[in-house]
Amino acid sequence: MHDIALIGAGRIGKIHAANLAANPRLRLTRVVDPFPEAAAAIAAQYDARVSTIEEALADPAVAGVVVASSTDTHLPYSLAAAEAGKAIFCEKPLDQDLAAARESAARFAALNARLFLAFNRRFDPNFAALQARLSAGAVGTLETLHIISHDPAPPPVDYVKVSGGIFKDMVIHDFDMARWLLGEDVTEVFASASVLVDPAIGEAGDIDTAKTILRTASGRLCMISSSRRSGYGYDQRIELLGAGGLLAAKNVLENTVEKITAEGAVSAKPVHFFLERYMRAYEDEWTAFVEALKSGADMPVTLREGVAALACAEAATRSARTGETAAVTPAMLGA
């Protein structure tokens with residue numbers, strides 16, 4: 001059994017605490033958070049101890065650390081955990097600054113760090129099945145990809161102000177999915193964006209609606225549709241066109257009941273939010289992390305993937321601001 005320390009007792013920290021506690025090969029032993037009440041609530045629930053980060057990293061029994069704190073702390077806490085010889089399960093993004101994330105690679109490598117970046121959508125059973133069938137040649141060579149990712153409602157403006165912007169906060173998941181399915185690095189990004197949902201988001205310096213086109217060196221194309229409001233649930237769909245046909249992963253609905261009458265067909269709405277939609281993905285990414293921890297194998301999602309997704313996010317931000325296509329160069333990826 002591996003002892004795990006949790007850094008960050010907020011919403012995502014609670015999700016990870018529940019999933020690691022449910023895994024028979026893991027034990028949550030320490031909880032770190034600047035708000036003692038939040039840390040104490042999780043610690044009491046799972047028979048763990050409230051700790052400082054120094055105490056958690058100094059504990060030789062702690063094999064791994066979950067970094068689920070505020071985004072600005074992801075990189076320093078991950079580096080501190082690496083220096084302490086701990087395996088690291090870090091929420092995305094590693095940092096909001098591409099240069100800082102890229103330049104950290106040498107330090108992590110020197111420490112032989114075992115860093116897992118929690119791009120959980122790779123572990124969603126539907127998307128994983130889509131990728132497996134694509135890799136098996138079910139529709140031949142991939143040509144174009146369409147990702148739809150619409151939140152049910154916008155987040156609070158106070159959150160928007162510290163989020164790093166829609167491309168780094170929300171669309172970064174889709175950039176990672178795109179690279180995973182395209183099977184190669186993105187070389188060009190064009191993004192067009194607007195404020196159509198909430199004027200307060202624009203006043204905070206962000207946008208709430210975007211269409212982004214990615215291009216790879218071989219000419220493969222991906223279009224990502226992003227919105228902070230669907231109005232009908234958490235809209236998460238992927239379609240890919242190959243030389244031999246189409247593969248699609250549709251929405252997960254609230255239930256499978258369908259009513260069909262002379263007037264037409266009616267089915268349930270998509271599930272409401274990410275907690276319901278990606279519950280299984282959160283569980284399965286923990287299984288993947290534990291398997292790597294146990295076997296000593298490479299982590300399934302590494303710093304390289306995090307840097308590449310962040311490079312796409314920075315290019316999209318630049319393109320949306322200038323109206324021009326932005327390049328993603330090897331230098332941006334640390335190559």
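Which side chain does D151 meet in a salt bridge? Keep that in mind while you load the structure, which is a predicted model. Now select D151 and R228 together: their side chains meet in a salt bridge, at 3.7 Å from N to O. D151 sits in the loop between β7 and α7, while R228 sits in the loop between β10 and β11, 77 residues apart. Both partners, D151 and R228, are buried.

**Stop 1: the strands beside this pair**

Select β7, residues 142–150, and then add β11, residues 235–242. These two strands pair in the antiparallel sense, over eight bridges. Next, add β10, residues 221–227. β7 and β10 run parallel and are joined by seven bridges.

For a closer look, pick L145. Which residue is the bridge partner of L145 in β11? Highlight L240, and you have found that partner. Over in β10, the bridge partner of L145 is C222. As you look along the strands, remember that in a regular strand the side chains alternate between the two faces of the sheet.

**Stop 2: a small enclosed space**

Rolling a probe the size of a water molecule over the atoms shows where empty space is left. How many cavities of 30 Å³ or more does the structure hold? There is one, and the largest cavity has a volume of about 40 Å³. To find the spot, select R121, F127, I147, I148, S149, D174, M177, Q236, R237, I238 and Y278, which line this cavity. You will recognise two of the elements here: β7 and β11 each give two or more residues to the lining, and so does α9. By class, the lining has six nonpolar, two polar and three charged residues.

**Stop 3: more salt bridges**

Side chains of opposite charge can pair when their charged atoms come close. A search of the whole structure finds 16 salt bridges, so let's visit some others.

Select R122 and D176. Their closest N and O atoms are 2.8 Å apart. This pair links distant parts of the chain: R122 lies in the loop between β6 (115–118) and α6 (125–135), and D176 lies in helix α9 (residues 172–182), 54 residues apart. Are these two buried or exposed? R122 counts as buried at 11% relative accessibility, and D176 is buried too, with a relative accessible area of 1%.

Now move to E291 and R25, whose side chains meet in a salt bridge at 2.7 Å, N to O. E291 is in helix α12 (residues 279–295) and R25 is in the loop between α1 and β2 (26–32), so this pair ties together parts that are 266 residues apart in sequence. Here E291 is partly exposed, with a relative accessible area of 37%, and R25 counts as partly exposed at 25%.

Before moving on, select R30, R49 and D59: these residues are linked in a network of salt bridges.

**Stop 4: the largest pocket**

Switch on a surface view and select R11, I12, T71, Y159 and D169. Of the 42 residues that line the largest pocket, these lie nearest its centre. About 1,200 Å³ of space lies in this pocket. Colour α1 (11–21), α4 (71–83), α7 (157–162) and α8 (166–169), the elements that give two or more residues to the lining. Which of them gives the most? That is α4, with five residues. Colouring the lining by class will show 21 nonpolar, 11 polar and 10 charged residues.

**Stop 5: the second largest pocket**

Next, select F108, A113, T302, L303 and R304, which lie nearest the centre of the second largest pocket among its 18 lining residues. About 310 Å³ of space lies there. The elements giving two or more residues to this lining are α5 (98–110) and α13 (303–322), and α5 gives the most, with four. By class, the lining has 10 nonpolar, four polar and four charged residues.

**Last stop: helix α13**

Stay with α13 and follow the helix from end to end. α13 has 20 residues and reaches 29 Å from its first C-alpha to its last, close to the 28 Å expected at 1.5 Å a residue. An α-helix has 3.6 residues a turn, so residues three or four places apart point the same way. Finish by selecting G323, just after α13, which takes a positive phi of about 80 degrees.

How values were computed
Residues are numbered from 1 along each chain as its sequence is written. This is a predicted model: local features need pLDDT of at least 70, side-chain atom pairs count only at pLDDT 80 or more; totals for chains, interfaces and linings use all residues. Side-chain values use heavy atoms; hydrogens and water are left out. On a 1 Å grid over the protein atoms alone, a cavity is a set of points where a 1.4 Å probe fits but cannot get out, and a pocket is an open set with protein on both sides within 12 Å along at least five of seven lines; lining residues have an atom within 4 Å of a point. Grid points are joined across faces, edges and corners, and a volume is the space filled by probe spheres set on the points. Ala, Val, Leu, Ile, Met, Phe, Trp, Tyr, Cys and Pro count as nonpolar, Asp, Glu, Lys and Arg as charged, and the others, Gly among them, as polar. Two strands pair if DSSP finds at least two bridges between them. A salt bridge is a side-chain nitrogen of Lys or Arg within 4 Å of a carboxyl oxygen of Asp or Glu. Buried means under 20% relative accessible area, exposed over 50%, partly exposed in between (1.4 Å probe, protein chains only). The expected span of a helix is 1.5 Å times one less than its number of residues.
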